[in-house]
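Some structural labels need their criteria stated beside them. The questions below ask on what grounds each label is used.

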2 protein chains.
Amino acid sequence: MKEFSYINWIQKQLTPPKEVFIPSGDDAAGVRIGNKSLLITTDLIVENIDFTLKEATPFQIGYKSIAISISDIAAMGGNCNKLYVVATVALRKNLVRQFAKELFRGMKHIADKFNVSIIGGDVSSVKGPISITSTVFGISDKSEHIRRSGACVRDAIMVTGSLGGSILGKHLNFTPRLNEARMLTKKYSIHSMIDISDGLSADLNHILERSKKGAVLLEQLIPVSDSAKKLSKRDKKSALEHALTDGEDFELLFTLPLNHAWRILQDKPFAAPVSLIGIIKKKQGIILINKKGKNIKVNPKGFDHF
Amino acid sequence: MKEFSYINWIQKQLTPPKEVFIPSGDDAAGVRIGNKSLLITTDLIVENIDFTLKEATPFQIGYKSIAISISDIAAMGGNCNKLYVVATVALRKNLVRQFAKELFRGMKHIADKFNVSIIGGDVSSVKGPISITSTVFGISDKSEHIRRSGACVRDAIMVTGSLGGSILGKHLNFTPRLNEARMLTKKYSIHSMIDISDGLSADLNHILERSKKGAVLLEQLIPVSDSAKKLSKRDKKSALEHALTDGEDFELLFTLPLNHAWRILQDKPFAAPVSLIGIIKKKQGIILINKKGKNIKVNPKGFDHF
């Protein structure tokens, strides 16, 4: 059983009560509380899967653990007045003392940067790989959040930043696109959004499956990162393949009416680059038009834990 | 550095915003949301620390992971209209399929029993001990929750159930005392409460430290479990020592005015046994009066993960 099929199986076992207006299956869950709404997301990172002690400092590990959850809140549009986090940490006994403190400092650093209050947690020892779970939640006056399921035929597909090769460093020090998400949802009519954690093609596929749509991407428009190019020199994959399939870029992938997309390209609403990469179609599946104008079917693969 | 000193160090780094009316350091954190309040608790269980695959079925592991968080909500008085849970699971690749499904069924079983909606989660593989983090939160119309810090001089100290030897099985199949907590807070004036996860003396000490008080316990009143007696035949510890120091009984330990304690003993408000075991004193520390009438100083030790 693969990770996604386990998650799909679980989702079928659940019958969310009516106040859960965003059930499991989006970047965060949403619960109505009186005239407010709560968004909550929980994320797990594990040593030797999501980081190694050889490449990452404890500060970076702590930073990443919370940054990925903030990125999930961003993917919902980020319309929360205030954010909070609780976290659990499983540490080897030989890593307590300085390591544990540095880990916390990394968590605190990213939390402070985005005004996220750390309000609780739990610690345990483990005789094996260390792991951290962060649960970020936020309260919002309105319940208008951006779902994966809102993509419409003829929507433009846009992405922030550049993609691929995150493993060379970005996955440990990326800045969650929370401010960008807030700007986008405030000024433009965003129909659907996700953060790129599994890889561009896999995450686009999450949007398409939930929205019951398809997509056409233009190769020449995809913002391939320098890291993707660097990585492609080391392995047999092209830089484009890295941009399409590498996970953990934590950029925003979103769809919106074409005229709003043009406005974004003209406005340049924030410092981060933003690219128009394709169009939502009625016919399901992902087609990539390569530089020679040839249609290529994209297999929406991404990182699967199992 | 010990577990508690790491947690204490972390708590000193935090400056909770004013709407966080119960900061880190209680069984759950509390956040005001308009005229409602949110309680949230997060708990981590790790293979070979909190369970072994030899003794526990995957169903029991899933059950325990959520039961301990429900127990934390109970320790706050359980005054939540509705409870929700998000969870993360780190699994070895050879354990997916049937194991993963049974794990989820255990989670679902305890969640359904207490009307807790499972609304989200995350999974990862791990090359080592498996672990589960459950984060349970609830919404309440009022913000009257029972704190660790409310114990008053001359309060009676009471405990539900019987104590010690949980490792023989209770730690995997206990029923969180949520209904009992709700009954207690509805009918009696509970001043302070905690659930026994670290052990009677350690958890009583948590109440005493937060309340800046001391306690006197009477040996003959402490409800020593059959498991504690059984265990004491195997090792050098007395059954009383097991009752005082064994963790994971997940019973409620609480303090209240003496006349309310008498009423509870007369009323028998629920099926679970409830015992008066001592009195809160001004002078700090824990004194145990043994069966010969001798005063013994109790070292508040309990389970420490590091």
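What follows takes the sheet, its packing helices and the chain symmetry in turn.

This is a predicted model, in which local features need pLDDT of at least 70, side-chain atom pairs count only at pLDDT 80 or more, and totals for chains, interfaces and linings use all residues. Residues are numbered from 1 along each chain as its sequence is written, while chains are lettered from A and ligands numbered from 1 in the order in which they are written.

Q: Why are strand 7 and strand 12 of chain A said to stand at the edges?
A: Strands are DSSP runs (E, at least two residues; helices are H or I, at least four), numbered from the N terminus, and two of them pair if DSSP finds at least two bridges between them. The open sheet has the order 7-9-6-10-8-11-12 in chain A, with mixed pairing. Strand 7 (192-195) and strand 12 (295-298) each have a single partner strand, so one side of each lacks a neighbour in the sheet.

Q: How do you know that strand 8 and strand 11 of chain A are joined?
A: Five bridges link strand 8 (residues 214-218) to strand 11 (residues 285-289), against the at least two required for pairing. The two strands run parallel. One of the partnerships is A:Val216 with A:Ile287.

Q: What makes helix 6 of chain A a helix that packs on the sheet?
A: Contact requires C-beta atoms, placed from the backbone, within 7 Å. Helix 6 (residues 200-211) touches strand 7, strand 8, strand 9, strand 11 and strand 12 of chain A.

Q: Why is the relation between chain A and chain B called a two-fold axis?
A: Copies are superposed by least squares on C-alpha atoms of residues with pLDDT of at least 70 in both. A rotation of 180° with 0.0 Å of shift along its axis places chain A on chain B (RMSD 0.0 Å), and that is the relation of a two-fold axis.

Definitions and conventions: Two residues are in contact if their C-beta atoms, placed from the backbone, lie within 7 Å. Axes are lines fitted to C-alpha atoms, for helices over the stretch in contact, and angles run from 0 to 180 degrees between N-to-C directions.
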